[in-house]
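Here is a short report to read alongside the sequence and the model. Keep both in view while going through the sections.

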Amino acid sequence: TLEMGLNNDTGALGQGGLGFGRQAFVGFSNPRFGRLTMGRHYSVLHTTLSAYTEGGLIWGHALNYFRDGTVLRLDNSLRYESPDFAGLSFKLMKAFGEQPGSSDYTLRDDLPHTTSLARNAYEISAAVPLGTNVLWLAYGEAEGKARAETGGRSLSLRHDYVLSKRTRLYTGYSVILNDRNAGFTVNSASNAGPAVAAGKRVAQAIAGVSH
């Protein structure tokens, strides 16, 4: 699997200019033994959040705003996904660093308290059917573990108006209320969002058509 990200307005490479910056891995899978791949992967944390949020961890999701964007994808990684055991499965991942003896852990935070990224966060999201249309809602909160007032709250609403089986109109509004020392912003799935000063309220409205 080789995935390249291109910005459609300029043609420039996404993901920091990497040639295959989305996913780039090789491996094998077997229904009995599972799936083992090596290369550049989405982290286990990211794919877990994507699977258990109502809209797939995109615009409007509090957990997308509050997560640590540095664990979206990891280079030099080895990833294993188990087969299904009566509905139960698990994933393991190890990312090796560029230098001998170094490695990356997606769930460790060894930073000093003044710069720590450790936080607790939750989200409640729902898709409410309105005939053939959908009202989508999400609310979440984050709390920094190492520093005071480094959390925030987020509320998002989106309405999808279905024109046909393939075409729909949508409009939405998302707001983030940052604590005094927090600067969370409205991110897309790739964690790209405008930088904001600490403590500022962030709001964004969207409207469009998908076909």
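The sections below cover the core, the salt bridges, two backbone angles and a surface patch.

## Model and nonpolar core

This is a predicted model. Its largest nonpolar core has ten residues. They are W59, A62, Y65, F66, A142, I176, A182, F184, V186 and V202. Helix α2, residues 62-66, supplies the largest share of this core, with three residues. Core members count as buried because each has under 20% relative accessible area.

I176 is one of the core residues. Leaving aside residues up to four places away in sequence, I176 touches Y65, F66, F184, V186 and V202, among others. Those five belong to the core as well. The contacts of I176 also include R153, S154, T185, K200 and R201.

## Salt bridges: the R79 network

Side chains of opposite charge can pair when their charged atoms come close. The structure holds seven salt bridges. One of them joins E81 and R79, at 3.0 Å from N to O. How accessible are the two partners, E81 and R79? E81 is partly exposed, with 22% relative accessibility. R79 is buried, at 6%. The cut-off for buried is under 20%, so R79 falls below it. E81, at 22%, does not, so it counts as partly exposed.

This pair does not stand alone: R35, R79 and E81 are linked in a network of salt bridges.

## Salt bridges: R168 and R180

R168 pairs with D160. Their closest N and O atoms are 3.2 Å apart. R168 is partly exposed, with a relative accessible area of 32%. D160 is buried, at 6%.

R180 forms a salt bridge with E149, at 3.3 Å from N to O. R180 lies in the loop between β9 (168-178) and β10 (201-210), and E149 in the loop between β7 (133-144) and β8 (152-162), so the pair ties together parts that are 31 residues apart in sequence. R180 is exposed, at 52% relative accessibility. The exposed class starts over 50%, so R180 qualifies. E149 is partly exposed, with a relative accessible area of 39%.

## Positive phi angles

Which backbone feature does E149 show, although it is not a glycine? E149 has a positive phi of about 55°. Its place is the loop between β7 and β8. This is also the residue that meets R180 in a salt bridge.

A86 is not a glycine either, and has a positive phi of about 50°. A86 is found in the loop between β3 (73-81) and β4 (91-96). With a relative accessible area of 86%, A86 is exposed.

## Nonpolar surface patch

Which residues make the nonpolar surface patch? L2, M4, L6, L13 and F20 do, and the patch covers about 480 Å². Patch members must have over 30% relative accessible area. L2 has 59%, so it passes that cut-off. L2 also counts as exposed. In sequence, L2 lies in the segment before β1 (24-30).

## Points to locate in the model

- Core: find I176 and its contacts Y65 and F66.
- Network: find R35, R79 and E81, which are linked by salt bridges.
- Loop-to-loop pair: find R180 and E149, whose side chains meet in a salt bridge.
- Surface: find L2 and F20, two residues of the nonpolar patch.

Methods
Residues numbered from 1 in each chain as written. Predicted model: local features only at pLDDT ≥ 70, side-chain atom pairs only at ≥ 80, totals over all residues. Heavy atoms only, no water. Patch = residues over 30% accessible without salt bridge, like charges linked within 9 Å, V, L, I, M, F, W, Y side chains within 5 Å. Areas by Shrake-Rupley, 256 points an atom, 1.4 Å probe, with all protein chains shown as cover. Salt bridge = Lys/Arg side-chain N within 4 Å of Asp/Glu carboxyl O. Helix = DSSP H or I, 4+ residues; strand = E, 2+ residues; numbered from the N terminus. Buried < 20%, exposed > 50% of the residue type's maximum accessible area, 1.4 Å probe, protein only. Core = buried A, V, L, I, M, F, W, Y, C linked by side-chain atoms within 4.5 Å. Contact = heavy atoms within 4.5 Å.
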